[in-house]
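User: Please take a close look at a single part of this model, the aromatic ring pairs, and follow with the strands of the sheet in one connected answer.

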Amino acid sequence: MNKTMLKLGFVLALFAGVACVGLAVVHSLTAEKIAAHAQSALENALKEIFPGADGFDDVSGELSSLDERITIGAAYDMKKDGTSVGIAVQATGPSYNGAATLLSGFSADKKVVRVVVLDLKDTPGLGANAANATYYVDRASRTTFPGQFSGKDIGDAFEAKKDVVAITASTITSRSLAAIVKASGEAAMVYFAKGGR
Amino acid sequence: MNKALSIFLRGIVIENPLAIIMIGLCSSVAVTTSVANGIGMTAGMVFVLLCSELIISLFRKVIPGNIRMPIFIVVIAAFTTMVDIIMQAYFPDLSEAMGVFIPLIVVNCIIMGRVEAFASRENAGHAVLDALGMGVGYAWVLIGMSVVRELLGNGTILGFQIMPESYQPVLFFVLPPGGFLVFALFIALNIALKKLWLGQDYKGGK
């Protein structure tokens with residue numbers, strides 16, 4: 001009895017070991033590429049929000065969220081020729097089907113510059129439309145869901161179905177994303193009030 | 001030769017994994033909201049099915065019967081994780097769209113079912129043919145469903161506008177109830193095809 005158990009355990013361990021080696025090989029071949037994707041996605045998003053900026057200071061440690069459900073992952077004080085043109089805040093908060101991460105840009109005059117969706121694990125065809133560049137909440141003006149935040153005042157309510165147009169059949173997603181933008185904006189204002197850097 | 005051909009062919013209609021055996025349905029209804037997702041899911045699924053059936057079939061004589069299930073899971077999970085990592089590295093957009101459904105290939109009953117019912121008893125050549133046949137059967141139903149649902153529910157195919165601008169998309173087809181309805185219609189279509197295929201040998205039922 002003991003002998004068969006040992007043998008079975010050994011066989012199972014052997015299969016698991018070979019599988020581990022296989023995974024390790026694939027991982028080591030792709031890890032660099034995946035990290036590079038994440039890095040270039042962030043850089044592209046920063047460029048999309050502040051096209052004029054030519055550099056940034058990482059000020060991640062200096063911002064904190066006033067909303068306990070939402071965490072500020074990183075913040076970048078965007079510079080052009082050495083002067084600040086605004087701040088980009090990366091924030092993660094709960095949404096439908098798991099956490100969502102947004103990168104939102106704010107200018108010193110308390111306006112939203114632009115919002116970009118970095119990570120969203122939502123239902124394809126429904127909530128995932130928040131990150132879809134050809135899904136318009138307003139077809140006539142070709143405004144996307146994150147696009148509608150541009151130019152909004154941080155003091156606004158940011159409530160889905162009121163001053164934020166919700167995605168059809170995805171009210172929870174719309175509400176959660178609006179809350180993340182709002183929390184990012186409030187954190188940015190605290191930073192601006194301190195006089196930036 | 002004849003046996004090999006029939007192993008390949010029967011997965012397409014007569015024993016279609018989705019419409020006749022009816023396994024692996026959760027992810028099928030969930031991902032078929034757009035054609036790109038349907039194609040991505042099919043690619044990942046067929047790759048894992050093919051590799052798992054081949055490996056299990058090659059090692060079937062050294063896998064002890066009473067721990068075969070854990071070993072199948074280890075093999076399937078390893079291939080699924082590889083697909084997940086490779087997609088993240090080379091097709092980041094697709095990987096983002098597929099979300100949780102790629103890791104869920106691990107528990108897709110089609111793979112477990114074919115490995116247990118077929119690959120663990122047959123030689124490697126037959127196992128590969130079985131995986132390919134089942135893959136084609138899975139592909140046409142899954143991609144067919146996603147074409148219907150994206151076209152009617154969003155007016156597009158692969159993101160390109162097909163329906164005229166005046167067409168008001170029927171959101172119902174993208175939502176889960178629409179998924180069930182479209183799936184039911186594909187089951188009916190598959191039975192009709194099976195009737196045609198078998199002719200006089202068709203004995204009724206699904």
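Analyst: What follows treats the ring pairs and then one strand with its partners.

This is a predicted model, in which local features need pLDDT of at least 70 and side-chain atom pairs count only at pLDDT 80 or more, while totals for chains, interfaces and linings use all residues. Residues are numbered from 1 along each chain as its sequence is written, chains are lettered from A in the order in which they are written, and side-chain values use heavy atoms, with hydrogens and water left out.

Rings of Phe, Tyr and Trp (its six-membered ring) are paired if their centres lie within 6.5 Å, with planes under 30 degrees apart called stacked, over 60 edge-to-face and the rest tilted; by this rule there are eight aromatic pairs over all chains. In one of them, Phe56(A) with Tyr76(A), the ring centres are 5.1 Å apart and the planes stand at 75°, so the pair is edge-to-face. Because Phe56(A) belongs to strand β1 (residues 55-58) of chain A and Tyr76(A) to strand β2 (residues 71-80) of chain A, this contact ties together parts that are 20 residues apart in sequence; strands here are DSSP runs of E with at least two residues, numbered from the N terminus. With buried meaning under 20% relative accessible area, exposed over 50% and partly exposed in between (1.4 Å probe, protein chains only), Phe56(A) is partly exposed at 39%, whereas Tyr76(A) is buried at 8%.

The rings of Phe149(A) and Phe158(A), by contrast, have centres 5.9 Å apart and planes at 10°, so this pair is stacked. Phe149(A) is buried at 1% relative accessible area, as is Phe158(A) at 5%, and both belong to one aromatic cluster with Phe145(A). The charged end of Lys152(A) sits over the ring of Phe158(A), 5.2 Å from its centre, where the rule asks for NZ of Lys or CZ of Arg within 6 Å of the ring centre and within 35 degrees of the ring normal.

Turning to the sheet, strand β4 (residues 98-106) of chain A has seven of its nine residues buried, so this strand is largely enclosed by the rest of the structure. Two strands pair if DSSP finds at least two bridges between them; β4(A) pairs in the antiparallel sense with strand β3 (residues 83-95) of chain A over nine bridges, and Gly93(A) stands opposite Ala100(A). In the hairpin of these strands, which has two residues between them, Asn97(A) takes a positive phi near 70°. β4(A) also pairs with strand β5 (residues 112-119) of chain A, again in the antiparallel sense, over six bridges.

Key:
Helices (H or I, at least four residues) and strands (E, at least two) are DSSP runs, numbered from the N terminus.
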